[in-house]
Structures are given as C-alpha cells and as structure tokens.
Amino acid sequence: MNRNILNNEELLELLYNTNWSDSEDGLDVSDNEQDHHVINIHENVGIPTYDNDEGNLDLLDLPIEIQCNSGETIHLPSVSTSNLTNQNQFNVVNSTPRRSVRHVSTSLLVNNSRASTNESSNPKQTGNLKKKTTALTNLKWKKGSLVTPSACLTFIEPTLPHDLHLLETPLDFFAYFFTDELLTKIKEETELYAVQKNPNKPVTLSINEIKRYLGICIYASVLHVPKIRDYWSAELGYPMIFNAMSRNRFELIKSVLHFNNNNNMLSSNDPNRDRLHKLRPLIDYLNNRFSSIPCKQALSLDEQLCATKAQSYMKQYLPDKPHKWGFKLFVLTDTQGYAYRFEIYSGQENNSIFRHPDEPDFGASSNVVVRLSRNVPVNKNHIMYFDNYYTAIPVMEFLYKKNIYSLGTVRINRLPNCPLPDKNGEKKMKRGESIEYITSYESMPISAVTWKDNKAVKLLSTYCGENPKSKMTRFDRSKKTNTEIDCPMLISEYNKHMGGVDLLDSHIGRYKIRFRSRKWYMRLFYHLIDLSVVNSWLLFKRVKEQQNEKPEIELPDWRKQLACGLVKSGQIRVSGRGRPTTSLEVKIASTRPQSFRPTKDVRTDKTDHWPQFSDKRERCKKPSCKGFTYIKCSKCTIYLCLNRNNNCFTNYHM
C-alpha cells in the first residue's frame, strides 16, 4: 500500500485540522475537547524518520551513561540538571547521573553533534505549542534500557498530623470527613429547599437527625431487605433502625434532603451552568478533607462507576464494568485504596472555568491527570500509574517537571515514530519476550516497552525500563506444565501499584447503600457516603500502623459500629406500637453469645441516658462489678447498679 510522505508544514496542518476526539476504546470524552498535545498519527500517513535532521531532541541531551558493546562506559554531559537540583533533601549532587542506559550499540555515538536543537530557526514555528508539537512528532527512538538511580526515587513516608492520632472510634474517623460544618450546611440547604418546595409545610431538622439518617443508611448497607419500609416492618424490622427514627420521618428527610441552593443555579441555556450544581458544595468539601491526608509514594488513577438506573444526561455506558450504566468518576488512590481526590464526569471538565490559569490544555483524557494531581506534593518523588486512556507524552512531561514520575499502558498512536512492532510483529514474538526503545522529550527520558504474555502489552515510563527482569510463572498448554518467563521491571511495577481504584471498588461493592431514588444526585450522595466510610476505615488502619498497633476490625464490623454511633446520636425514639421485645444479644465469633455493649461514642455522649426499673434482675454490666440490679439504661439497654453503695450507672457513662 502506498503511503503519502508529508513535510513538516503539511504534517502540522494535518494535526491541527483533524478531529482527534474519537476514543480508541470507546470511552466518552468531553464535547469541548481540544486535544492539541495528545498526538494521534493517522494510519495512512507515513512519518519521516528525519535521520539527517539536526533540529530534533536526542537522548544524548540527558545526563546518562552508555555502555557500548566493547564494554567501554562513556559518560555524557547533561544539558539540564534542573530536576536533579530538587533532590537536595536526599543529598544527591548535580554530578550524579540522572539516568543510565545499558546495552546500547556503538553506532549510537555517531553524529553526537545533534544534541542541540534549532527549533527557533524556522520563522513559521511560533509559540510553545508549535515547538512542542514539532519536538513530539520528530522524536527519535533508540534501543536501550532506562534505569533510574535509586537515590532519585528515594521517598520519605510522611507522618500523619497529630490530631489524627487522637481519633479512636469509627465515629471519630468518619466525623473527620463529615464534620459538623458539612452537616450544618446540609441542614440549612435542606430546610431552605423544603420551604421552596412547599412554603406551607416547612421542615425543621437538627444535626443529630441528619446523623441518625446517615446511620440508618449505613446500617442498610450491611442489612439487606427487599424494600426500605421493611426496616420498620414487624417481620424484618431491626430495632436499632426503627428506634432511631420513625419511617415517616425518614421518608420526609429523604424527600427534602438537599445540598445547594437551587436559586443560584444558572439556566440550562447558560454556557457557564454547572451540571453538578446540586452536589458542588459536598464534592468540594469532601475533596478538601480527603486530600488533607499526606499522600503515599505510589498513586494510581482510574475510572470508577456509580451504578444507577436514574434518568440523567450524565449517565455513561462502560462495557467493561460489572454494572454497565451509571455515573463515571475519576479517582486518585494509593495502593490500599484510599481516595485522595475524585471527580465526577459531567462533560464540562475542560471548560475554562474549571481549569486553573497555570494549567495547560492536553485534551479531555490527559486533563484528568492534571486536575487530580493538583494536591500531589512536588519534588517528593511521587509516582503515578494510569492506563492507556490517560497516558500521553505531554502530560507525563508535565508531571516530570514537578518531579512526579509516571508509568502506564499506552496506545501506539500516541508514540510518534516509535518502531515498536505492529500487530503482525507482535504475533512473531515469543511469550516473555520484550522490546524496549528509549528517547527524550523536553529533557524528559522516556522508555517504551512491548512485552508478550498471552497478548502483547505496551507501556510507557519515565523512571524505569525492562531491566532488571524478574521471573514469572505461566502455564504452557503445549507442554502441560508451568514454565518461567521473563517479566520486565515496569510490568512488575505496574501490576504492583495500579490496582488501588479496583481495590476501592471492591470495598464499596461488598457493602454499599442500595437505596433507590428518582433523583439522580441522591444516588451520588449515597456513593459519597460509602466512599467516606471506606476512607475512614483505611485511615484508621494507617494510623494504627504508624502507632505500631495491629488494626483488628474488618470493614463490616466498622460499618456496624459507625452506624450504631450515628443512630444513637441525641435523643432516641421509643416505639409505642407494642412491638414484641427483641433480644439485644448479638452473635460474635465465639462459642457463646455475649450481651450487647454500646460503643464508646454512645456511652459517653451524655444524652438521653435515663435509669428505668425492669421486672427482671440481671448482673451489672460495668467491668469489675459483680452485683445484680433491676435498673437498666433506657438508651444503652444494659443493666447497671444504682444504689447507696454502687453508682455504676454514672461511672459507666462518664
């Protein structure tokens, strides 16, 4: 098949006048995408190799070591050591090589005079955009292996703030995200919306009522019944729920719960209208609280789906997810699944009102990386991992300038001039075989690797290559035995650190709030509650690790204790419908049942604890007390001594 060879001017005109918004994997992108920096090369356009062009960036621009076939090691000078000067806290001097390249042919040393660029010599190329686009399309790839010195990847684990070490109970950790300030905002907006909805029927709420509402929602994530009203039924009802709030009051709060003033929402015809206006205060507040936790070194960025059947123009179809339809979220997590920042896809993310003035426009997919990395500390050697939807050379260079390394799978049309094998060449590769090419872009080293497993996979990295290789066990169908194959380093790094968002999905998916609603924002609200609950549990585990203690509480028990603390907030409701007495004993992992014990948050809240006489006499539940009593607490429902000799009732609630 004949290929058309274009010169520089024709290639630039093609890049600027072609619509590159079509996604290769079918994922939706913004309608306002202007992806000038993510370069996709048309399949019918042959890119010239520019072997004799002296105006291209070369790998020799970087401070590297080259080991020739003869065994001789040649040290090359560095044109820019700006990134290395940020390593002073690790005592790395400027003379230390930033990268080392191994097993490079001696022919690479020929024509070393091309290390300097002359992009500014062409008067037609004006502006940084054209210069970077030209440098991107003229990349020259060479065989080699990218290896980063360990001193450049040194990371000091940040210590958590002192106030986090003072938190003890699940309610304390959850309240770090859902603070009284946020609950007050929800209370005010809910009461305002109730008046806007029907001035003749205003609704008055309290902070404790909102807490009890959240507690019922979290209880419902571990106690599943066919309908919401069954939680108040005589057959399936649960005392902790129907004693916390009546069914009618719960449904009333559910119908008027609101988070932002509708009067401030712009009309649908206004181009500056925020499609997430109803949830914007909640989204911004939780993002600020989530990102206040110091980041770990390895961070992964991926998509998340909030499944729903509600009607909304923001619903997406993701065929690879277990639930195909729902709201798409972009989440930045660590390897344990803690979410530092999230973003709900609305199609407006690339508008200028959502972009900071100093942030470049890399297109819809890469701009997600820019926005979610705003709070990642610079010059701390963080590493970000993402898949081929986000991976592109310009955005990786943007992160590299902030001393944030990156690694991700990549699409071949985002690697101009890269000689990695095509589909026919990949079929000829053996299992475990890998091919690596290296280059530089704007003083950033790049390694592109193709590795053949069951299928070929392509990865792009700015801090590691295929060496050193490790071994991996695979089953050989022809030999009917397990065999060992080579595994490049960047494959091991990607598999080790990329699963943070998937782990977060599994935590939420096992126990999530399943309440249905016709309002699209209520489904997202419940999802954000689940996200906050999982984050509070992971934060608790991280605090215990820094205190050299072993956290011995699983996620379902965490949810139950948190829900108990929330539904017992403030005064409790005493059911007057003559419901049969339900045993307060709960099953735990032992051979015999233990009597119910309230959590510390409920026991010490000093609200609505009243002594009442019972017809039955039981042992006092205060530790170290062996007395028997007829008096029990009306809220904690446990027996406590209250007489002239023992005042266990007061001491227990202090």
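**Cysteines, aromatic contacts and a strand hairpin**

The structure holds zero disulfides. The model is a predicted one, and the cysteines, aromatic rings and strand pairing described below were all computed from it. Cys620 takes part in no disulfide, and the nearest cysteine sulfur, that of Cys625, is 3.8 Å away. Because a disulfide requires two cysteine sulfur atoms within 2.5 Å, the separation of 3.8 Å between the sulfurs of Cys620 and Cys625 does not qualify. Cys620 has a relative accessibility of 4% and therefore counts as buried. Cys217 is likewise classed as buried, because its relative accessibility is 0%.

Aromatic contacts were searched for across the whole structure, and 26 aromatic pairs were found. One of them is formed by Phe259 and Phe525, whose rings are tilted, with a distance of 4.7 Å centre to centre and an angle of 40° between the planes. This pair links distant parts of the chain, its two members being 266 residues apart. Phe259 is located in the loop between helix 8 (247–256) and helix 9 (280–291), whereas Phe525 belongs to helix 15 (residues 520–546). Both Phe259 and Phe525 are buried. Phe525 also pairs with Tyr526: the ring centres are 5.8 Å apart and the planes lie at 45°, so this pair too is tilted. Tyr526, as well as Phe525, is buried.

These residues belong to a broader arrangement, in which ring pairs join Tyr213, Tyr231, Trp232, Phe250, Phe259, Phe327, Phe515, Trp520, Tyr521, Phe525 and Tyr526 into a cluster.

Aromatic rings are also approached by charged side chains. Arg289 lies over the face of Tyr176, at 4.3 Å from the ring centre. In a second case, Lys541 places its charged end over the ring of Trp537, 4.4 Å from the centre of that ring.

Strand pairing is illustrated by strand 17 (residues 470–476) and strand 18 (residues 481–487), which run antiparallel and are joined by seven bridges. Arg474 has Thr483 of strand 18 as its bridge partner. The two strands form a hairpin with four residues between them, and in this hairpin Lys480 adopts a positive phi near 60°. In a regular strand, side chains alternate between the two faces of the sheet.

Definitions and conventions. Residues are numbered from 1 along each chain as its sequence is written. This is a predicted model: local features need pLDDT of at least 70, side-chain atom pairs count only at pLDDT 80 or more; totals for chains, interfaces and linings use all residues. Side-chain values use heavy atoms; hydrogens and water are left out. Rings of Phe, Tyr and Trp (its six-membered ring) pair if their centres lie within 6.5 Å; planes under 30 degrees apart count as stacked, over 60 as edge-to-face and the rest as tilted. Buried means under 20% relative accessible area, exposed over 50%, partly exposed in between (1.4 Å probe, protein chains only). A charge sits over a ring if NZ of Lys or CZ of Arg is within 6 Å of the ring centre and within 35 degrees of the ring normal. Two strands pair if DSSP finds at least two bridges between them.
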